[in-house]
Amino acid sequence: MTRPLTFKMFLMVCVAMLAAVLTFWGTKLIGETVVQKVYLTQESIQQRLTEKVDSFRQYVADHQVSSTNVKEIGWWNRAHITVQMTVYGLYTTVNSSANGAELMLNDNGILIRSEDMIDGSVSFPVNFQDGIFTVEMFDHSRGMLEIGVNVGALLLAALVFLIMIIIYNQHVTRLIKTLSRQVQLVSQGDLECKIAPMSRDEIGQLALDVDAMRLSIIDKLEREKAAFQANTQLITAISHDVRTPLTALMGYLEILSDETLSSEERQAYLTICKNNAQRLKGLTDELFGFFLVFGKPTPDQVLEEFDAVTLLEQILLEHEMNLNQHHFEILSHESGDFAGKLKVDLGHLRRIFDNLFSNILKYADPSQPVSLEKRAEHDVVHIIIQNGIPAQSNRVESNRIGLQTCQKLVEAMGGTFRQTRTANTFSAEVILPLIRESGDNSTE
């Protein structure tokens, strides 16, 4: 079953999105588990708070910071962005975070913190320049780690999605490049390079179409080659057939120029010249018929339906009578049920049998009988004509053109033409489709 590329691309996007979602949640789960088990243990939190407390005490001592010095406290907090502090002075409170510090009065009862207190907190005394005061410190690095895990999981999911789409595009590109190389080989003349479809989509269908075109080119070249060979054989045959009567005609015309010939000799030579001229005319008629038929892919014809029994009797009987007049013995055989119709071009069918029986008169051995067999089998009719060939003959066989014409005309009517030649016999078989009427049964 062929699947369009758009459907495959949509399916691939869905699969890539599913893989990206699974990657995101899997990475997030793993990251949160690692953070929980490694970074957010009680020992880790306590250790980080202790380090930051020591750092802040050292900073206050080094810079002689007072409990109301908002600027200095803010600078230290900006360097420790995961920490939020509240300094409880004598009459004031300093709220500090990564955004800076803010001084407020104690007696108004208001404390403002820019972050929620999470993960852990610790209260400790600090020796400020103006006295010892309590500092409350909170570590909110957990939220930042969760944001980092989420961002990392999102980036990894996007990377998985992108990689899967790129892999699919590379697969499609590889198919196109393979098809392109195969087409290039065919265009360079390697017509034996079979183009096989590698996918069931538009690319695979394109490969099938290109391979069909390749086969069509091969068939066309073979037909052109066969046509060239046929034309070569035709020219050879015509040259051979025309040479003998033409040479004889020229020779006898040269003899007729001799004024010493008697009237009887001159008349005999003129008769011979006339016969050779008739032979030349017959050859040109056959050649004209050949080009009339073979000059077109399909001969022009008018197909009509005729009763098989009546049609064959009319056409064959007149030829049988003609052979009898020329002292040929006819052995006629008939078998099968001929009930039905033949759909033929009457003029072409007459031309076929005219050629076949004309060849018998010209080239058959009169001392041997001519066999004429009519046989109906299933839905076809066979007409087989067989004659003997003289053991020695001075005549030149010129029936090749006529036989090729017969084959072309029979095939144009949906039939088959066969010819068989041995040392002593020649047979021609015309096979035509028989249209059975409803209720008719063919003879097996």
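## Salt bridges and the largest cavity in a predicted model

The side chains of arginine 48 and aspartate 139 meet in a salt bridge, with 3.1 Å from N to O; the term denotes a side-chain nitrogen of Lys or Arg within 4 Å of a carboxyl oxygen of Asp or Glu. Arginine 48 belongs to helix H2 (residues 42-63) and aspartate 139 to strand S5 (residues 131-139), so the pair ties together parts that are 91 residues apart in sequence. Helices (H or I, at least four residues) and strands (E, at least two) are DSSP runs, numbered from the N terminus.

This is a predicted model, in which local features need pLDDT of at least 70 and side-chain atom pairs count only at pLDDT 80 or more, while totals for chains, interfaces and linings use all residues. Residues are numbered from 1 along each chain as its sequence is written, and side-chain values use heavy atoms, with hydrogens and water left out.

Arginine 48 is buried, at 12% relative accessible area, and aspartate 139 is likewise buried, at 0%. Here buried means under 20% relative accessible area, exposed over 50%, and partly exposed in between (1.4 Å probe, protein chains only).

The whole structure holds 11 salt bridges, including the three tabulated here.

| Pair | Closest N to O distance |
|---|---|
| Arginine 48 and aspartate 139 | 3.1 Å |
| Aspartate 337 and arginine 436 | 3.8 Å |
| Arginine 418 and glutamate 429 | 3.8 Å |

Aspartate 337 forms a salt bridge with arginine 436. Aspartate 337 lies in the loop between strand S7 (330-335) and strand S8 (341-344), and arginine 436 in the segment after strand S12 (425-435), so this pair ties together parts 99 residues apart in sequence. Aspartate 337 is partly exposed, at 24% relative accessible area, whereas arginine 436 is buried, at 17%.

In the salt bridge between arginine 418 and glutamate 429, the partners lie in strand S11 (residues 416-421) and strand S12 respectively, 11 residues apart. Arginine 418 is partly exposed, at 45% relative accessibility, and glutamate 429 is buried, at 13%. Salt bridges with shared partners join Asp337, Asp379 and Arg436 into one network.

A search of the whole structure finds 1 cavity of 30 Å³ or more, with a volume of about 50 Å³. A cavity is a set of points on a 1 Å grid over the protein atoms alone where a 1.4 Å probe fits but cannot get out; lining residues have an atom within 4 Å of a point. Among the lining residues are Leu175, Met198 and Ile203. The largest share of the lining, 3 residues, comes from H5.

Terms used:
1 Å grid on protein atoms, 1.4 Å probe; cavity = no way out; pocket = protein on both sides within 12 Å on 5 of 7 lines; lining within 4 Å. Points joined across faces, edges and corners; volume = space filled by probe spheres on them.
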